[in-house]
Amino acid sequence: MTTFTMECFQNEYLAEGATEADAIVRITATQAPEAAADPAVARTEIIMLDVSGSMGLLKLRKARKAAEAAIDCLDEGVRFALIAGNHTATRLYPSIPGLALAVASPVTRQEAKYALARTRAGGGTAIGTWINLANGLIHDQPGINHAILLTDGDNASEEPEDLAAAVDAASGVFQCDCRGVGTDWRVDELRSISTALMGTVDVVAQPDDLAADFESIMRHSMGRRVASVNVRLWTPAGARVGFVKQVAPDILDLSQARIEISELVGDYATGAWGNESRDYHVSIAVPPGAVDEEMLAGRITLRVDDQDAAQERIRVQWTDDMALSTRINRQVAHYTGQAELADAIQVGLQALDAGDLDVATDKLGRAVRLADESDNRETAELLAKVVDVEPATGKVTVKQKVETVDLFTLDTRSTRTKRVSR
Amino acid sequence: MTVHQCPSCAAPVDASDLFCESCGCRQVEPPDAHPAPRGGTGHHVEVDLATVAAVSDRGRRHPDNEDATAIAARHDRVAIVICDGVSTTDRPDEASAVAAAAALAVLEPSLDDHRETTAGDAAALLVEAVDRAQAAVRAIGGDSGDDREPPSTTIVAALADGRSLTIGNVGDSRAYWLSNVPGESCLLTTDDSNAESLIATGADPRAVYGEPDAHAITRWLGADATDWRPAITAVTIHQPGVLLLCTDGLWNYFESADDLASIADVTAIDDRTASPIESARRLVHAALAAGGHDNVTVAVAPVRPNPHQPDRATEADR
């Protein structure tokens, strides 16, 4: 049994003429201890492994080991399949066409490992075909559907539109954690997949580290016990939803994935939940009100398995008391800063890649200050591998020699946020 | 006057012609003139153990049968070994024969074991069986002294235990799962061949198999072999069907597993209106009728998952 709680942080006072209502909503799922023994969660796991020519025997061996580690983490009874991907997708296991998915048991885990051992590296990369195959296997499965995708190269064997269409079709069907091994793949490409499929993206620079990473992804996935949690947002007539973003533990913009329930109500799917807490930033544009006027700018209902689980209101009140209206809520300010930090890093790295050193220095310099101000040490450390900061003046310069892996790590982890206590 | 097809170029040939008028290829007996089973010579061998049956034929173009097969059965447990001696090497017929016998000698005693064997146990047995087969082939000849390479053979071996199938292979002899449901038959093994390596890189299979060295194998058993650990395939079967093992003398002619399933008449096997030996003969005859360029060997074992054994997949689907 998992219980959900919701808290709302905001400064309800708006200055005269102001039209932006911002709130941070913290959702916390708590599993009763006996939940671990509860076998009732239906779930399906798909592992997509790149077997393109560039993987070569050495990387492929590590990828097999990683997949084996993930298979060992599958709980008994979990449905699963392995996909070998290159310019086309092949279902590696289960291999008999009549059966789409295997059911995890000592026998099927062993069978799957033998199938992994028979993989060979060859061909190109068309990730859209892998996602389409996974989608076909998983789309009618109830419960929690999740996939791991591993690649080592860019998506050269198909058009970007093919990948986009595949990702679009899979959106809402399964969540997908994406990993790039080495540094010959494109962060923006994998991030577009992981964002749309509500997963994480990360670089695994050393093939040796893949197994530990896959194990951790799969353990985390097995820990999720609630399949469907939606944030339902009501806004009054005349108001407009600016955005709905997950802002912790990492930034994930949900705005585009709104499901219209009615003219005033929309649902935002948040994926499957384990024992965890996440923060969401909701921004609503309201029509300007007169001083002392009060308004309900939004109502947030947490929908767990299509039932109302909790509710919070976003209230606004216009005031001419500057002391009230300029008191920015700490949470809202913090996450606004974290979003800007992620954006500064991504734009800065793109500029660096394009050879625009001025913009790169400016954006990465801004990122250094934002990371410092928000005490986001993890990001600050990653930035320190790419830029130098002169201690006396705070002047930021891009390092003469930057390891590609450090650029990839900074880029993929730019969306990880630091949380502040209340 | 009877008209036949040239097995090489498919041009019509007069039955009395010794050579094709079109491509000049030597003609052998037409299908209807093909002799009935000739025991003992190795030209045509049949073994029928009721729950598994094997047929091996030298084909229509090769003077000798360099394939070998060995099968064993106890209740619903079956062991199958098929080997294809590599024609360009010294004494390929001996190589395949000793390999098949040595492998079966490892697998057969396990059929009497009443313990539930796991996929891991079966795989370990297959690895050992292929290891013994390799030792046996190595023992019959290292350096032959002339230009020929030492005796060499492929091997595909399977253990079927109820609904668990485990297969090991080195070279291009194959295992198929054949189902009476269209689209549900499939190749189980991966060949160790140039063609397979090319297909893995994205080449069109049809184009690849037109290349002259497509059939060159990349792994084999023999004194000069460096890697003979079998690739293992293990599957759990949920529907009735047929496990087919065969040499390239069969699969060269039939691209799709569905075609093989219809030739084998899996429906009749499932219904028990046809026996495995009949099915095996149908497959061999089809290969001969299609040209019979190579030795052809097949083994057929019906698989009937016990309906009383709980099927975990369907349980989970409920």
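In the predicted model, the contact between the two chains draws on 21 residues from chain A and 28 residues from chain B. Putting chain A and chain B together buries an area of about 2000 Å², and carbon and sulfur atoms contribute 59% of that area. On the side of chain A, the three residues Tyr114(A), Arg118(A) and Arg120(A) account for 32% of the area buried against chain B, a share that exceeds that of any other three residues.

Specific interactions across this interface were counted by geometric rules, which return 1 salt bridge between chain A and chain B and 5 residue pairs in polar contact, with both residues of each pair at pLDDT 80 or more. The salt bridge pairs Arg120(A) with Asp192(B), and the closest N and O atoms of these two residues are 3.1 Å apart. With regard to secondary structure, α2(A) provides the largest share of the side of chain A that touches chain B, namely 4 residues. In terms of residue class, this side of chain A consists of 8 nonpolar, 8 polar and 5 charged residues.

Over all chains, the salt-bridge count comes to 35. One of these bridges joins the side chains of Lys113(A) and Asp72(A), with an N to O distance of 2.7 Å. Because Lys113(A) belongs to helix α2 (residues 106-117) of chain A, whereas Asp72(A) belongs to helix α1 (residues 56-72) of chain A, the pair ties together parts that lie 41 residues apart in sequence. The two partners fall into separate accessibility classes: Lys113(A) has a relative accessible area of 19% and is buried, the cut-off for that class being under 20%, while Asp72(A), with a relative accessible area of 46%, is partly exposed.

A further salt bridge is formed by the side chains of Arg413(A) and Asp202(A), with 3.1 Å from N to O. Here Arg413(A) is placed in the segment after α11 (404-412) of chain A and Asp202(A) in strand β10 (residues 201-204) of chain A, so that the bridge links parts 211 residues apart in sequence. Arg413(A) counts as partly exposed at 22% relative accessibility, whereas Asp202(A) is buried, its relative accessible area being 6%.

The side chains of Glu340(A) and Arg366(A) likewise meet in a salt bridge, at 2.7 Å from N to O. Since Glu340(A) is located in helix α8 (residues 330-354) of chain A and Arg366(A) in helix α9 (residues 357-373) of chain A, this pair connects parts that are 26 residues apart in sequence. Glu340(A) is partly exposed, with a relative accessible area of 34%, and Arg366(A) also counts as partly exposed, at 31% relative accessibility. Salt bridges with shared partners moreover join Arg120(A), Asp192(B), Arg219(B) and Asp227(B) into one network, in which the interface pair Arg120(A) and Asp192(B) described above takes part.

Within chain A, attention may also be given to Arg26(A), a residue of strand β3 (residues 20-31) of chain A. Arg26(A) counts as buried, at 8% relative accessibility, and its side chain makes a polar contact of 2.8 Å with the side chain of Asp279(A). By contrast with that contact, the C-alpha atoms of Arg26(A) and Met218(A) are separated by 25 Å, these residues being 192 residues apart along the chain.

Chain B comprises 9 helices and 15 strands, and of its 318 residues, 52% count as buried. Among the contacts in chain B with a separation of 6 or more, 66% are made by residues 24 or more positions apart. The area exposed by chain B amounts to about 13700 Å², of which carbon and sulfur atoms supply 51%.

A single position in chain B may serve as a local example. Ser279(B) is found in helix α8 (residues 276-289) of chain B and is buried, with a relative accessible area of 1%. When neighbours within four places in sequence are left aside, Ser279(B) is in contact with Ala264(B), Ile269(B) and Val300(B).

How values were computed: Residues numbered from 1 in each chain as written. Chains lettered and ligands numbered in written order. Predicted model: local features only at pLDDT ≥ 70, side-chain atom pairs only at ≥ 80, totals over all residues. Heavy atoms only, no water. Salt bridge = Lys/Arg side-chain N within 4 Å of Asp/Glu carboxyl O. Helix = DSSP H or I, 4+ residues; strand = E, 2+ residues; numbered from the N terminus. Buried < 20%, exposed > 50% of the residue type's maximum accessible area, 1.4 Å probe, protein only. Contact = heavy atoms within 4.5 Å. Buried area = accessible area lost by both parts, 1.4 Å probe. Polar contact = N/O pair within 3.5 Å; in protein donor to acceptor, adjacent residues only side chain to side chain. Nonpolar A, V, L, I, M, F, W, Y, C, P; charged D, E, K, R; others polar. Areas by Shrake-Rupley, 256 points an atom, 1.4 Å probe, with all protein chains shown as cover.
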